[in-house]
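User: I would like a close look at one part of this molecule, namely its second helix and what surrounds it. Please keep to what can be read from the model.

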Amino acid sequence: MPSPFFKSFSYVNAYNLSQRAESNQTWWKICFPNALTVCNYLCGITAVYFSLPEVTVEYRPFVILFWLIAASFCDAFDGPLARKFKSHSEFGTCLDSSTDLSTFGLAVALSIFLQFCTFKGSYSLLGLLIALVYFIFVHLRLARFTRLE
């Protein structure tokens with residue numbers, strides 16, 4: 001197996017080439033859980049979009065929270081559906097882990113930082129510190145969880 005570019009993301013690249021074997025499941029049973037994972041990612045991107053100061057939206061924190069809750073619903077159902085359809089794979093597991101890092105790590109950390117900048121009116125060192133600490137702990141938690149599987 002080739003070594004990953006970043007050692008800390010090795011759990012994302014830890015799937016076997018044997019997992020690419022053809023499955024006897026129908027295509028929608030294989031694609032539906034992964035499509036929910038991609039929806040999770042798109043909800044995270046949408047939350048980041050609405051947290052940008054250039055985007056004018058009323059009740060910005062609630063709109064961001066809505067998209068993060070929508071992402072959590074997608075995340076809550078992708079794994080159980082994959083197991084129910086017996087279509088779980090190492091690829092799906094790695095896709096879910098990297099999407100969780102993007103949505104619940106990076107998107108939330110960026111939203112925290114941008115909200116602190118909005119409250120202060122300029123660059124916020126406290127917001128940056130809180131966002132970095134949050135992202136590091138999410139990354140460590142996901143790495144530990146993936147390692148335990």
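What share of the 149 residues in the chain is buried? With that as background, please examine α2 (60-84) in detail.

Analyst: Buried residues account for 34% of the 149 residues in the chain. The model is predicted, with a mean pLDDT of 83, and 83% of the residues reach 70 or more. One stretch calls for caution: over residues 15-20 the pLDDT stays under 50, and the model has 7 contacts there beyond four places in sequence. Where pLDDT is low, predicted coordinates should not be read in detail.

The setting of α2 is a chain with 4 helices and 0 strands, arranged from the N terminus as α-α-α-α. Of the contacts between residues at least 6 apart in sequence, 71% join residues at least 24 apart. The accessible surface of the chain is about 10000 Å², and carbon and sulfur atoms contribute 69% of that area.

Turning to α2 itself, its 25 residues should span 36 Å at 1.5 Å a residue, and the end C-alpha atoms lie 37 Å apart, which agrees. For α1, also of 25 residues, the expected span is 36 Å and the end C-alpha atoms are 36 Å apart, again in agreement. The 31 residues of α3 should span 45 Å, and the corresponding distance of 44 Å agrees as well. Just after α2, lysine 86 adopts a positive phi of about 55 degrees; just after α3, glycine 121 has a positive phi of about 95 degrees.

The buried residues of α2 are Arg60, Val63, Ile64, Leu68, Ala70, Ala71, Cys74, Asp78, Gly79 and Ala82. Their cover includes α1 and α3 (90-120). The buried residues of α1 are, in turn, covered by elements that include α2 and α3; among those α1 residues are Pro33, Leu36, Ala47 and Phe50.

Several of these residues meet in the largest nonpolar core, which consists of Ala47, Phe50, Val55, Val63, Ile64, Leu68 and Val108, 7 residues in total. Both α1 (27-51) and α2 supply at least two of its members, and α2 provides the largest share, 3 residues. Apart from this core lies another, of 5 residues, among them Ala109, Phe113, Leu114 and Ala131. As a general tendency, nonpolar side chains in soluble globular proteins are buried together.

Valine 55, a member of the largest core, touches Tyr49, Phe50 and Arg60, leaving aside residues up to four places away in sequence. Of these, Arg60 is one of the buried residues of α2, and Phe50 is itself in the core.

Cys74 of α2, which is buried, also bears on the matter of disulfides. The count of disulfides is 0. The cysteine sulfur closest to that of cysteine 39 belongs to cysteine 74, but the two are 5.1 Å apart and therefore too far for a bond, given a cut-off of 2.5 Å. Cysteine 39 is partly exposed, since its relative accessible area is 34%. Cysteine 94, by contrast, has a relative accessible area of 6% and is therefore buried.

Note on methods:
Residues numbered from 1 in each chain as written. Predicted model: local features only at pLDDT ≥ 70, side-chain atom pairs only at ≥ 80, totals over all residues. Heavy atoms only, no water. Buried < 20%, exposed > 50% of the residue type's maximum accessible area, 1.4 Å probe, protein only. Contact = heavy atoms within 4.5 Å. Areas by Shrake-Rupley, 256 points an atom, 1.4 Å probe, with all protein chains shown as cover. pLDDT = per-residue confidence, 0-100. Core = buried A, V, L, I, M, F, W, Y, C linked by side-chain atoms within 4.5 Å. Expected span 1.5 Å × (residues − 1).
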